[in-house]
Each structure stands twice: as structure tokens, then as C-alpha cells.
Amino acid sequence: MFFISKQPMKHLPKFRKQFKIDPKADLREVAVAVEAIYEAHEISTNFLGAIDPPNCSEGFRIHSLVNLLGRIFEHSQAMLVAIATGSPASAEALARIVIEGSINVMYLAVRGDTGTLINFFESWLTEHDLKLTKWKEKIQGEDYADKVSLMIEERRGVVIGLENYLRHMEVNCSIDKTTKEAEWPKSLFKRFEALHRETDYYESYHRLSGASHITGEDTLTWLFSLKFSDVQQHQMAVEAWAYSIMMTRIASRFFVEAAASCVIAYGRRENEDLQNSRQSLGEAVVTIAKKAGVPVDAQR
């Protein structure tokens, strides 16, 4: 189940200390992923942070990508803490967030431009304002309508402030959001598709829906296993644990690829370090695949 990378473990002590993990805790199951995500985050933020933007538009885009990467990095850390502390279901739910966020960043960096970023932000603002309107309509006639309506309008004020800021950036930075390149696909699957990663949607992202949405899958599997012997139930538990570890390694690879997409988009040509991290994660996935119930030859 363990995979020991050939790369030096320079970030693992930091991870252990940062999240107050027992000094005696065995972190071999997360070691490769920890090293990979910390290295990718450090490389990408240092590189992007050193760029002197040629204009307001590019400065807006670089700052946005750095922030998005930082947020996904935090979820990646939490995902690995969950594995390190024995919470595989939580790790899988976080892995789904990491994959979705990474795909979004990859799309913004590889397929999009600053206009795409404007449309990305607008998609949230529009949806959030719509939900506030529907909420306000839903409570009409209730005793608490006036009080809650006031809260809704306060929140709408925040949304309007963000909309005004976005309009200010769009106008002052001369950002064109109407071009074909600036399109932000509403469907996550369409973003996977645009990156030619439809198979990843089904193999990685969709497979994590059970833990994320508390579907009936895990409970149904547990109920089905009650007729098995103790030995068989133990074997199923071992496989499920290995599966969770494998999926966190796959999610970590998505984050490394997102970081790589950002630096490549801004001209970083020598990316052997990031490629090594990605390769180590790939090898770690293959190492655990059989124990996770996945044929090794099915892993790319």
C-alpha cells in the first residue's frame, strides 16, 4: 500500500507540524501526495508572484489564478489530513472538490483568457442573485418574512458590491468578455470535455460522488456485505481504504497539473520538477491500484 518516492521528503515534516499530527503517526500513505502538492504550490506561487504584469488585465488574471490555486491547495491539504487521521470518506469528498477546482483552473489557464475569468466570476454572481430572489419569493406571507427579507437584501448588497467591482475591472482593464475564447461553459462536464478529459470525469470525478453526496452506494454495499464472513468483510474494508488512498493520489495529480497549467500559460518552459511530482503520483497510483480493486493495466 505504501509507495516511497525517489524524491527527498522535505515537506512532510512541515505538514505534520502544521496540522499537529502525532510525531509517531505513520504518514507513508500520504507522503508522496504531500510532497507533490506542496512542491507544486510553492513552484507555481513563486513563479506567478515574480511576474511583473504588462497591464492591468494580466495582473487581474495572475492574482486570480494564484488565489484559486491557494484555495485548492488548502482543500488538498485537508484531504490528506483526512487520510492521515483515518477519515477516508471525508478524504474522498474533498478529493472531488480538488478535482473540480483543478479542472476549473486548468480551463482558465489553458483554454481561457481574462475575459473567461470575468465570465467565470459572473456565473457565480448571477446564480447567487437568482437564488436570493427565489428565497425572498418563497418566504412571502410568512411571519418572519420582513426580518429575513432584510437579511436577504443585506446579502444582495454584498453581491452588488462585487458586481460593481467586476464591472470596474472589466472597463478599466479593457477586458473583452464577448469573444469565443472568453466562453465559460456552464457544465463542468463541458469543461472536462474542452480539455479532452471526458474519461477523467467518469474515472475520477464521478466515482467520488458517493462520499460527496451521501448517496446510497456505501450503505447499500455495507448492507450487502453483512452476509459475508468476517474475513471477507475485512478484505472489503482493506480494499475500500486502499481505494480512498488511491483517489487522493489521483486528486493530488490533478492539482499538480493545475499548477503546471498556470505556469506554462505564463511562459515557464522548464517544468521537469512538476513533471517529476506528477510521475511520482502516477507511480503511487499504480502501486496501490490492485489493492484498491482496480486492475493495474486500467491505470494510465
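Visitor: Where does L188 lie?
Guide: L188 lies in helix α7 of this predicted model.

Visitor: What makes L188 buried?
Guide: Its relative accessible area is 10%. Buried means under 20%, so L188 qualifies.

Visitor: Which residues does L188 touch?
Guide: Leaving out residues up to four places away in sequence, L188 touches E100, I103, N104 and Y205.

Visitor: How far apart are L188 and E35?
Guide: They are 28 Å apart in space, C-alpha to C-alpha. In sequence, 153 residues separate them.

Visitor: Y205 came up. Which residues of helix α8 are buried?
Guide: Helix α8 covers residues 198-205, and its buried residues are D200, Y201, S204 and Y205.

Visitor: Why are they said to be on the same side of α8?
Guide: They cover an arc of only 110° around the axis, which puts them on the same side of α8. A general point fits here. An α-helix has 3.6 residues a turn, so residues three or four places apart point the same way.

Visitor: What covers the buried residues of α8?
Guide: The cover includes α4, α7, α9 (209-213) and α11 (230-265).

Visitor: What is the charged end of R96 doing at Y205?
Guide: It sits over the ring of Y205, 3.9 Å from the ring's centre. The distance cut-off is within 6 Å.

Visitor: How many aromatic pairs does the structure hold?
Guide: It holds 15. One of them joins Y107 and W184.

Visitor: Why is the pair of Y107 and W184 called edge-to-face?
Guide: The centres are 5.5 Å apart, and the angle between the planes is 85°. Rings pair within 6.5 Å, and planes over 60 degrees apart count as edge-to-face. Both conditions are met, so the name fits.

Visitor: What makes this pair a tie between parts of the chain?
Guide: Y107 lies in helix α4 (residues 88-111). W184 lies in the loop between α6 (145-172) and α7 (188-194). The pair therefore ties together parts that are 77 residues apart in sequence.

Visitor: Which residue forms an edge-to-face pair with W184 at 5.0 Å centre to centre?
Guide: F120 does, with 70° between the planes. F120 is in helix α5 (residues 114-138), 64 residues from W184 in sequence.

Visitor: How do you know whether F120 and W184 are buried or exposed?
Guide: F120 has 16% relative accessibility. W184 has 11%. The limit for buried is under 20%, so F120 counts as buried, and so does W184.

Visitor: Which residues form one aromatic cluster?
Guide: F15, F19, Y38, F73 and F255 do.

Visitor: How do you know that a disulfide joins C56 to C173?
Guide: Their sulfur atoms are 1.8 Å apart. The cut-off is within 2.5 Å, so the pair counts as a disulfide. The count comes to one disulfide.

Visitor: Which parts does this disulfide tie together?
Guide: C56 lies in helix α3 (residues 56-84), and C173 in the loop between α6 and α7. The pair therefore ties together parts that are 117 residues apart in sequence.

Visitor: Why is C56 called partly exposed?
Guide: Its relative accessibility is 38%. Partly exposed falls between 20% and 50%, so C56 fits. C173 has 8%, so C173 is buried.

Visitor: Why is C262 in no disulfide?
Guide: The nearest cysteine sulfur, that of C173, is 19 Å away. A disulfide needs sulfur atoms within 2.5 Å, so C262 has no partner. At 0% relative accessibility, C262 counts as buried.

How values were computed:
Residues are numbered from 1 along each chain as its sequence is written. This is a predicted model: local features need pLDDT of at least 70, side-chain atom pairs count only at pLDDT 80 or more; totals for chains, interfaces and linings use all residues. Side-chain values use heavy atoms; hydrogens and water are left out. Rings of Phe, Tyr and Trp (its six-membered ring) pair if their centres lie within 6.5 Å; planes under 30 degrees apart count as stacked, over 60 as edge-to-face and the rest as tilted. Helices (H or I, at least four residues) and strands (E, at least two) are DSSP runs, numbered from the N terminus. Buried means under 20% relative accessible area, exposed over 50%, partly exposed in between (1.4 Å probe, protein chains only). A charge sits over a ring if NZ of Lys or CZ of Arg is within 6 Å of the ring centre and within 35 degrees of the ring normal. Contact means heavy atoms within 4.5 Å. The arc is that of the directions from the helix axis to the C-beta atoms.
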